[in-house]
Amino acid sequence: MNAFVREQILDPSLVRMREAFDRQRAAFGTDMSPSRAVRIDRLDRLLAMTQRIAPAIERAVSADFGHRPAQVTRLADVMMVQAAIKHARRRLGAWMKARRAPTALAFRPGFGRIVPQPVGVVGVVSPWNYPYQLAMGPAIAAIGAGNRVMIKPSELTPRLAELMREAVAEHFAPEELTVVTGGAELGTAFVALPFDHLLFTGSTAVGRQVAMAAAANLTPVTLELGGKSPAILGADADLERAASRLVMGKLFNAGQTCIAPDYVAVPRGAVGPFVEAMRRAVAKQYPRLAGNPDYTSIVSDRHFARLQALLADARQRGARVVPLHAEGMGGGGGSGTRMLAPALVLEPSEDMSIMQEEIFGPLLPVLAYDTLDEAISYINRHDRPLALYWFGGAGADRDKVLAGTLSGGVTLNDCMWHFGQEELPFGGIGASGMGAYHGAFGFRTFSKEKPVFHQSKLSGTALLRPPYGRTFERMSRLLKLIT
Ligand code: NAD
């Protein structure tokens, strides 16, 4: 018996997790194609549960962060989940329908159909930054597709994780939907379970480990990862409007958003006016920093120290750090509340840590560029980003950026809103992830699209049977002509 197996047997929480998995597998075996009514009932219960515990979600997340505005949680966690459930409820009938596929002449009157079926038991591993939405969003898609679901939330938001565990246990049978809580160790054991599909949201480094663990079971994975998402200001960008939207995108949740603009590329001549526009936008949206209830704490001391180290490293390597608020770098209350004052980092260079790792905080490096090609080539020399933002007109420059870069998604003239579109697929590419979900794309991710060919009584394919002779030759000539 190897150490891992022994550990699993000895640790009661891991044993319980394995039992929960086995129960879900067995239950799936008793109803492999649940009806629309069964799925709608599960979604309705999730909607009712979300509505009932919404105030508790807001309180738990704020306590886990140190402070987070109830409005941020309501918008990004509660309302997004409610919208996703309502959308899935409305569209489920159409998604579940088998689709007739066009059939080549040689095979008619037979015909083909594509029949979507649930894959079985789906595992969801979620991060701390939008802890309700990023656990429940994938679960909604998996439930809609008819699967059983197990969720492993982040240990960095323990109050919210416990709230979800209790609420789910009250509203669902454990073989329908269940939440298991624990740290990275439990996470390692969780992703080693032989799930039928695993969706992981988190960092690229852990995503790589998850993909390796899933490979041992040939479990298909959807990886929703992070990275450095650029914003580009075109030469014709409206600076005031761009600044106001960048501030919203960067300071929402204090920048702890996977699709927050990580850095911004600005035409060299516009850097000065851009800095001033950003300061005005911050003053408008956050008139004061100290004790401002609209601003969010950094989630942990470790993350706070990491962001301070990014700034120190940038300063030491020659960057100019410009506070974005009149209260300066002291604003925001210091590490007691873990409120980090927002800042721009001017003249950053590639050797700085702030240009190498995902920032995930309210710091925004400004990269001056001379030609648009230079900005595009900078982006393309680095990992494929999860998101990309273009501010400017709808002309040739915009098209050049769209055609010349590859990213998980794009919002034009704003930040982040492509995420909220249930009719658009959400997911990364390369180091920012693989696969996608949201709306119909999530339904397909968690379904086996089973091809079924209906053979007819009379079929030309009978003429292809042995013994091979003249009939076969004639048929193969005909096939060549008609295919
Ligand atoms: P993380 O990778 O540290 O943790 C994510 C989850 O994985 C947690 O539940 C954690 O307990 C678990 N985990 C940790 N080690 C594990 C292991 N070895 N095996 C299995 N599970 C393990 O990420 P985080 O700090 O919680 O979240 C921040 C990151 O997530 C950022 O990089 C951000 O960009 C990314 N993110 C991506 C999206 C997206 O939709 N693409 C959304 C939000 C956050």
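**Group meeting talk: two sheets and a ligand site**

Let me begin with a helix and the strands beneath my first topic. Helix H12, residues 372–380, lies across four strands: S8 (230–233), S9 (263–267), S12 (363–369) and S13 (387–391). Relative to S12, helix H12 runs at about 130°. Please keep in mind throughout that this is a predicted model.

The strands just named belong to one sheet. This open sheet is formed by 7 strands, in the order S10-S11-S12-S9-S8-S13-S14, and its pairing is mixed. Its edge strands are S10, residues 320–323, and S14, residues 409–412, each of which pairs on one side only. On average, neighbouring strands here are turned by 25° against each other, with direction ignored.

At the S10 edge we can look at one pairing in detail. Strand S10 is joined to strand S11, residues 343–346, by 4 bridges, and the two run antiparallel. Within this pairing, Val322 has Leu344 in S11 as its bridge partner.

I turn now to the second sheet. Here 3 strands form an open sheet in the order S1-S2-S16, with antiparallel pairing. Strand S1 (99–101) and strand S16 (447–454) stand at the edges; each has a single partner strand, so one side of each is left without a neighbour in the sheet. The average turn between neighbouring strands of this sheet is 30°, again ignoring direction. Strand S2, residues 111–118, is joined to S16 by 8 bridges, and these strands run antiparallel. One such pair is Pro118 with its bridge partner Ser447 in S16.

The next topic is the ligand. Which residues are closest to the ligand? Of the 29 residues that surround the ligand, the closest are Lys152, Glu155, Ser203, Leu225 and Glu358. Sorted by class, the shell around the ligand has 15 nonpolar, 10 polar and 4 charged residues.

Several elements contribute to this shell. Helix H7 (184–191), strand S6 (197–201) and helix H8 (204–216) each supply at least two of its residues. Helix H7 gives the most, with 4 residues.

Some individual distances fill in the picture. The side chain of Lys152 places an N or O atom 2.7 Å from an oxygen atom of the ligand. A polar backbone atom of Leu225 is 2.8 Å from a nitrogen atom of the ligand. For Gly202, a polar backbone atom is 3.3 Å from an oxygen atom of the ligand. How much of the ligand's accessible area does the protein cover? On its own the ligand has 850 Å² of accessible area, and the protein covers 90% of it.

I close with the backbone, where three places deserve a look. Arg108 and Pro109 are joined by a cis peptide bond, with omega of about 5°. Pro109 sits in the loop between S1 and S2, two strands of the sheet with the order S1-S2-S16. Another cis peptide bond joins Pro466 and Pro467, with omega of about 0°. Pro467 is in the loop that lies between S16 and helix H15, residues 470–482.

The third place is Ala254. Although Ala254 is not a glycine, its phi is positive, at about 55°. Where is Ala254 found? Ala254 is in the loop between helix H9 (239–251) and S9. That brings us back to the opening, where S9 was one of the strands that helix H12 lies across.

Terms used: Residues numbered from 1 in each chain as written. Predicted model: local features only at pLDDT ≥ 70, side-chain atom pairs only at ≥ 80, totals over all residues. Heavy atoms only, no water. Pairing = 2+ DSSP bridges. Axes fitted to C-alpha atoms, helices over the stretch in contact; angles between N-to-C directions. Contact = heavy atoms within 4.5 Å. Near = heavy atom within 4 Å. Polar contact = N/O pair within 3.5 Å; in protein donor to acceptor, adjacent residues only side chain to side chain. Areas by Shrake-Rupley, 256 points an atom, 1.4 Å probe, with all protein chains shown as cover. Nonpolar A, V, L, I, M, F, W, Y, C, P; charged D, E, K, R; others polar.
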